[in-house]
Amino acid sequence: MEGKKRTLTKWLYWFVFAVAVILVYKTVDNLGEISIWFKKLFSILMPFVIGILILNLFFLLLNK
């Protein structure tokens with residue numbers, strides 16, 4: 001029984017390792033598309049970040 005469990009654990013380890021290698025490869029392979037996605041996300045979130053910075057600036061000025 002112990003031998004079967006050890007074999008299963010070994011195969012599971014190598015399967016997870018292979019999936020991780022494939023994910024890293026696909027990420028590096030599609031790096032251009034990922035950077036475009038991050039640029040779009042950044043452009044969507046930038047007005048909120050600027051709004052929060054202006055809010056904090058006014059908050060500090062009004063409390064003095």
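Biologist: Where is Val49 found in this model?

Modeller: Val49 is found in helix H2, which covers residues 31-63. Keep in mind that this is a predicted model.

Biologist: Why is Val49 called partly exposed?

Modeller: The relative accessible area of Val49 is 42%. Buried means under 20% and exposed means over 50%, so Val49, at 42%, is partly exposed.

Biologist: Which residues make the nonpolar surface patch of about 840 Å²?

Modeller: Val49 is one of them, together with Trp37, Phe38, Leu41, Ile44, Leu45, Phe48 and Leu53. A patch residue needs over 30% relative accessible area, and Val49 has 42%. Two other members can be set against that cut-off too: Trp37 has 53% and Phe38 has 47%.

Biologist: Why does Trp37 count as exposed, and why does Phe38 count as partly exposed?

Modeller: The exposed class begins over 50%. Trp37, at 53% relative accessibility, therefore counts as exposed. Phe38, at 47%, falls between the two cut-offs of 20% and 50%, so Phe38 counts as partly exposed.

Biologist: What makes the pair of Trp37 and Phe38 edge-to-face?

Modeller: Their ring centres are 5.1 Å apart, and rings pair if the centres lie within 6.5 Å. The planes stand at 75°. Over 60 degrees counts as edge-to-face, so the pair of Trp37 and Phe38 is edge-to-face.

Biologist: How many aromatic pairs does the structure hold?

Modeller: The structure holds three aromatic pairs. Trp14 and Phe17 form an edge-to-face one, with 5.6 Å from centre to centre and 90° between the planes. Both residues lie in helix H1, three residues apart, which is about one turn of the helix. Ring pairs also link Tyr13, Trp14 and Phe17 into a cluster.

Biologist: Are Trp14 and Phe17 buried or exposed?

Modeller: Neither class fits. Trp14 has 46% relative accessibility and counts as partly exposed. Phe17, at 42%, counts as partly exposed as well.

Biologist: What about Trp11 and Leu8, which class do they belong to?

Modeller: Trp11 is in helix H1, and its relative accessibility is 63%, so Trp11 counts as exposed. Leu8 lies in helix H1 too, and at 60% Leu8 also counts as exposed.

Biologist: How do you know that the span of helix H1 agrees with what it should be?

Modeller: Helix H1 holds 28 residues, from 2 to 29. At 1.5 Å a residue, helix H1 should span 40 Å, and its end C-alpha atoms are 40 Å apart, so the two agree.

Biologist: What makes helix H1 hardly covered?

Modeller: Among its 28 residues, the count of buried residues is zero. For the whole protein, 0% of the 64 residues count as buried. The protein exposes about 6,600 Å², and carbon and sulfur atoms supply 78% of that area.

Biologist: How does the radius of gyration of the protein stand against that of a compact globule?

Modeller: A compact globule of 64 residues would have a radius of gyration near 11 Å, but the protein has 24 Å. The protein has two helices and zero strands, and its C-alpha atoms fill a box of roughly 70 × 30 × 10 Å along the principal axes.

Biologist: How far apart in space are Trp11 and Phe58?

Modeller: Trp11 and Phe58 are 59 Å apart, C-alpha to C-alpha, and 47 residues apart in sequence. For Leu8 and Trp37, 29 residues apart along the chain, the C-alpha separation is 39 Å.

Methods:
Residues numbered from 1 in each chain as written. Predicted model: local features only at pLDDT ≥ 70, side-chain atom pairs only at ≥ 80, totals over all residues. Heavy atoms only, no water. Helix = DSSP H or I, 4+ residues; strand = E, 2+ residues; numbered from the N terminus. Rg over C-alpha atoms; globule rule 2.2 N^0.38 Å. Buried < 20%, exposed > 50% of the residue type's maximum accessible area, 1.4 Å probe, protein only. Areas by Shrake-Rupley, 256 points an atom, 1.4 Å probe, with all protein chains shown as cover. Expected span 1.5 Å × (residues − 1). Patch = residues over 30% accessible without salt bridge, like charges linked within 9 Å, V, L, I, M, F, W, Y side chains within 5 Å. Salt bridge = Lys/Arg side-chain N within 4 Å of Asp/Glu carboxyl O. Phe/Tyr/Trp six-rings, centres within 6.5 Å; stacked < 30°, edge-to-face > 60°.
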